[in-house]
Amino acid sequence: MKCRICQHEIAPFMSFGRMPIANGFLTPEQFKDEYFFELNPAFCDRCLTFQLEEQPAPEAMFHDHYAFFSRTSKFMITHFQEYAEWVCDHHLTGDGAGLFVVEIGSNDGIMLENFAKHGIGHLGVEPSANVAEEARKYGVNTLVRFFNPDTAADIVTEYGQADALIAANVMCHIPDLNGIAKGAELLLKPNGVLIFEDPYLGAMIEKTSYDQIYDEHVFIFSALAVANIFAPYGFELIDLLPQHTHGGSMRYVLSRKGARPVTASVTEIMATEKSAGLHLPETYQKFRKNCEISKADLVSILKREKAAGRRVVGYGATSKSTTILNYCGIGPDLIEYISDTTPIKQHKFTPGMHIPVKPYQDFSENYPDTALLFAWNHQAEIMEKEKAFSAQGGKWIVHVPEVKVLG
Ligand code: DWN
Ligand code: SAH
């Protein structure tokens, strides 16, 4: 295969096997037509980008019935309020009049609502029409399109250039990053800023959180890779801010080369990445072995629970759970159902392994013995909410940073 960024010849370092669309929750009538692809991660030792060999077409993942709504976590609502305030305080000048902020992948408006509320000019670019519709309820202007150079050119014609192009948990979904860089070049004012955050490669390697790897996440970034990806388009990294969200993320800030000062964190974090070996192929061989250990440990705990006659249900039908269930071969024989608060997922079945997804009331009104925490990235929020489950003897299985039973 050729590296998606620098065209260097590379090869996958492992395979998680045949995978369905991670957010493709389905009805029994749809089982026979389910789409599968091979989930094979690869590392490019030239531009240092972690990537998937194969990714389904963007239109097969993002459409008018996309299943992930950002507002399902209260913690994330607060996070995006803080992210928006930080953008205003650190990267926008003026009192709001005349400012223009564009967000890629604005989903249900969880971030842009905070700009809309303050009367700041904004536009969300969001191809999934159903989540975009939800954003409009919060006063968020949304364009139902994929962001690419054509979209950027049309936005400039209609609204003019932007002060900031911002994003969260979407850049790593976009196979044509060259198109993003070209779009940013067109869209941003000369002193404009490109800011995005995504799950961080350093955290994924450290915690063996291999469930961050699924169809939508065609890249898992490090600072070393991001610098290489955007440099050919005249952008440089000017700041890096580690985040606790989604199990460990990184916020990247870029501007046109020389347009803004570069903070010390850029060289510091890149040095830390090198000491963690993120630039070395052998790190990914070790990661592969850790994934195999994690899989064996999880399957053995679930089989032990079943042998002991204990009821196990999943908590949170996350995109991440699709990788775990299909890689580990965990089906309805080991997990009775998965509880999820998202209406569009409920009463459907999980992609590939076809475990039923049930509303939260099924969990809260009839506690199981054990809950497998698929939404482990929201652990603090969920543990707070589920004190009663734990207090009456309910146990949790978590698989990150290692497989263990809590409680
Ligand atoms: O990158 C992505 C991130 C931002 O969101 C997308 N590609 C898709 C999605 O990934 P995910 O599905 O792994 O995200 P979450 O935030 O881990 O999903 C949480 C799931 O758990 C949602 O379906 C809602 C559910 N949930 C719940 O049932 N009870 C969540 C919480 C907090 C709860 O209390
Ligand atoms: N930013 C939100 C949503 C992340 S999920 C959050 O952090 O919670 C990823 C979102 O990006 C989805 O809503 C998807 O429809 C959107 N998306 C995927 N490809 C895109 C593209 N090329 N341009 C704009 N949005 C895209």
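In this tour, Ala, Val, Leu, Ile, Met, Phe, Trp, Tyr, Cys and Pro count as nonpolar, Asp, Glu, Lys and Arg count as charged, and the others, Gly among them, count as polar. The structure is a predicted model, in which local features need pLDDT of at least 70 and side-chain atom pairs count only at pLDDT 80 or more, while totals for chains, interfaces and linings use all residues. Residues are numbered from 1 along each chain as its sequence is written, chains are lettered from A and ligands numbered from 1 in the order in which they are written, and side-chain values use heavy atoms, with hydrogens and water left out.

**First stop: ligand 1**

Select ligand 1 and then the residues near it, where near means that a heavy atom of the residue lies within 4 Å of the molecule. There are 24 residues around ligand 1, and those that come nearest are E216, K320, D340, K345 and K385. By class, this shell has 6 nonpolar, 12 polar and 6 charged residues.

Which parts of the fold supply this shell? Helix 11 (319-328) and helix 13 (379-385) each give at least two residues to the shell around ligand 1, with helices (H or I, at least four residues) and strands (E, at least two) taken as DSSP runs numbered from the N terminus. Helix 13 provides the largest share, 3 residues. If you colour by domain, with bounds that come from an automatic or database domain assignment, you will find that the shell draws at least three residues from each of domain 1 (60-279) and domain 2 (309-406).

Next, display the side chains of H173, E216 and S319 to look for polar contacts, each a pair of N or O atoms within 3.5 Å; within protein, one atom must be able to donate a hydrogen and the other to accept it, and residues adjacent in sequence count only if both atoms are side-chain atoms. An N or O atom in the side chain of E216 is 2.6 Å from a nitrogen atom of ligand 1, and an N or O atom in the side chain of H173 is 2.7 Å from a nitrogen atom of the ligand. For S319, a polar side-chain atom lies 2.7 Å from an oxygen atom of ligand 1. Ligand 1 taken alone exposes 720 Å², of which the protein buries 97%; such accessible areas come from the Shrake-Rupley method with a 1.4 Å probe, and for residues only the protein chains shown count as cover.

**Second stop: ligand 2**

Move to ligand 2, where S70, G105, E126, S128 and N169 come nearest among the 20 residues around it. The shell around ligand 2 has 12 nonpolar, 6 polar and 2 charged residues.

Three side chains are worth displaying here. The side chain of S70 has an N or O atom 2.7 Å from an oxygen atom of ligand 2, the side chain of S128 has one 2.8 Å from an oxygen atom of ligand 2, and a polar side-chain atom of N169 lies 2.8 Å from an oxygen atom of ligand 2. Taken alone, ligand 2 exposes 580 Å², and the protein buries 97% of that.

Stay with N169, which lies in the loop between strand 8 (162-168) and helix 6 (177-187), and check its backbone: phi is near 50 degrees, a positive value in a residue other than glycine.

**Third stop: backbone details**

Most residues other than glycine have a negative phi, and most peptide bonds are trans. L48, in the loop between strand 3 and strand 4 (50-52), has a positive phi of about 70 degrees although it is not a glycine. L48 is buried, with a relative accessible area of 12%, where buried means under 20%, exposed means over 50% and partly exposed lies in between (1.4 Å probe, protein chains only).

Now select V400 and P401, where the peptide bond from V400 to P401 is cis, with omega near 0 degrees. P401 is found in the loop between strand 17 (395-398) and strand 18 (404-406).

**Last stop: a histidine and the cysteines**

Select H217, in the loop between helix 7 (201-207) and strand 10 (219-220), and ask whether it is buried or exposed. H217 is buried, with a relative accessible area of 5%, and a polar atom of its side chain lies 2.7 Å from the backbone oxygen of Q212.

Finally, how many disulfides does the structure hold? There are 0 disulfides, a disulfide being a pair of cysteine sulfur atoms within 2.5 Å. The sulfur of C172 is 16 Å from the closest cysteine sulfur, in C47, which is too far for a bond. C172 counts as buried at 1% relative accessibility, whereas C88 is partly exposed, with a relative accessible area of 26%.
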